[in-house]
Structure formats: structure tokens, C-alpha cells
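Trainee: I have a structure open in front of me and would like to learn how to read it, feature by feature. Could you take me through it slowly?

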Amino acid sequence: GLGTEYVVKPFYGAISSGIRSLDVAPLIDRRFFDIHCALDDQHADDLRSVSLSFASNPRDRSEMRAGMLHALGLRARFLTHLDHQARVASGGRAS
């Protein structure tokens, strides 16, 4: 959670903005992203508070760090894949 929750608002906000700019998609197509933009800051703060109670020693902090880096790595792979798909769909032009 901590590795990804604080980036949700800018990440999903950009996706929602992109969907909105298409001007053909109904609200329901971006509702998931809009809701997460509105709620995930509080979710991130809640996870941070809970995490503090588990981070009382170096081993636990190291495990939490590993989990956050893993989550961010998955997010990076997902974005790399989306970028590749966009480039393929656009004939190789940067998206």
C-alpha cells in the first residue's frame, strides 16, 4: 500500500483526464479513477498510520521497504507495457 497509494491521485488523475479529453467516453468509464483520486489520499494516510505500528525494528522496516519496492516495480512494469501498447497502436510514435 505505501509503495503505491500516495501516487494514486496523480497517476489516476492523468488517466481520468485522458479519458475525459476523448470526449466520447461516458462518465462511467472514468468513475473508478475519479473515485480513487478522491479517496486514496486518506487511504494512504491510514496505511501509513498502521504501518508505523509495524515498523518498530530494522527487520520489519526492511520488509516493508521490500514490499513497497515490489509494488512500485509492478507499477513500473504495467506502465512500461501500456507505453509499449500505445506506441504499437500509434505506429511507433511516442505517446
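Mentor: Let us begin with a term that we shall need at once: a salt bridge is a side-chain nitrogen of Lys or Arg within 4 Å of a carboxyl oxygen of Asp or Glu. Please keep in mind throughout that this is a predicted model. With that term in hand, you can look for Arg20, Arg30 and Asp34, which are linked in a network of salt bridges.

Trainee: How many salt bridges does the structure hold?

Mentor: The structure holds 4 salt bridges. In the one that joins Asp34 and Arg30, the two side chains meet with N and O 2.9 Å apart, and the side chains of Arg30 and Asp34 also count as making a polar contact, at 2.9 Å.

Trainee: Where does Arg30 lie with respect to the helices?

Mentor: Arg30 is placed in the loop between α1, which covers residues 8-22, and α2, which covers residues 31-54. Leaving aside residues up to four places away in sequence, Arg30 touches Ser16, Ile19 and Arg20. Taking one of these as an example, the C-alpha atoms of Arg30 and Ile19 are separated by 6.6 Å, although the two residues stand 11 residues apart along the chain.

Trainee: Is Arg30 buried or exposed?

Mentor: The general idea is to compare the relative accessible area with a cut-off, and a residue is called buried when that value is under 20%. Arg30 has a relative accessible area of 17%, and therefore counts as buried. Its salt-bridge partner Asp34, with a relative accessible area of 24%, is partly exposed.

Trainee: Which residue forms a salt bridge with Glu63, and how far apart are the closest N and O atoms?

Mentor: Glu63 forms this salt bridge with Arg59, and their closest N and O atoms are 3.3 Å apart. Both residues lie in helix α3, with their positions 4 residues apart in the count, which is about one turn of the helix. As for exposure, the upper cut-off is the one to remember here, since exposed means over 50% relative accessible area. Arg59 reaches 59% and so counts as exposed, whereas Glu63, at 44%, is partly exposed.

Trainee: Which side chains meet in a salt bridge at 2.8 Å?

Mentor: Those are the side chains of Arg87 and Asp83, where the 2.8 Å is taken from N to O. Here too the residues both lie in helix α3, 4 residues apart, or about one turn of the helix. Arg87 is partly exposed at 33% relative accessibility, and Asp83 is partly exposed at 30%.

Trainee: Turning from charged to nonpolar side chains, which residues form a nonpolar patch on the surface?

Mentor: The patch is formed by Val7, Leu69 and Leu72, which together have about 220 Å² of accessible area. Leu72 belongs to helix α3, which runs over residues 58-89, and with a relative accessible area of 36% Leu72 is partly exposed. If you wish to place Leu72 against another part of the chain, its C-alpha atom and that of Arg48 are separated by 16 Å, the two residues being 24 residues apart along the chain.

Trainee: Now that I have looked at single residues, how many helices and strands are there in the protein?

Mentor: There are 3 helices and 0 strands, and from the N terminus on the elements run α-α-α. The radius of gyration is 17 Å, well over the 12 Å that the globule rule gives for 95 residues, so the protein is more spread out than a compact globule. Along its principal axes, the C-alpha trace spans about 50 × 30 × 15 Å.

Trainee: What share of the residues counts as buried, out of the 95 in the protein?

Mentor: The share that counts as buried is 20% of the 95 residues, and Arg30, which we met earlier, is buried with its relative accessible area of 17%. In terms of surface, the protein exposes about 6,800 Å², of which carbon and sulfur atoms supply 61%.

Trainee: And what share of the contacts joins residues that are 24 or more positions apart?

Mentor: Among the contacts with a separation of 6 or more, residues 24 or more positions apart account for 58%.

Terms used
Residues numbered from 1 in each chain as written. Predicted model: local features only at pLDDT ≥ 70, side-chain atom pairs only at ≥ 80, totals over all residues. Heavy atoms only, no water. Patch = residues over 30% accessible without salt bridge, like charges linked within 9 Å, V, L, I, M, F, W, Y side chains within 5 Å. Areas by Shrake-Rupley, 256 points an atom, 1.4 Å probe, with all protein chains shown as cover. Helix = DSSP H or I, 4+ residues; strand = E, 2+ residues; numbered from the N terminus. Buried < 20%, exposed > 50% of the residue type's maximum accessible area, 1.4 Å probe, protein only. Rg over C-alpha atoms; globule rule 2.2 N^0.38 Å. Contact = heavy atoms within 4.5 Å. Polar contact = N/O pair within 3.5 Å; in protein donor to acceptor, adjacent residues only side chain to side chain.
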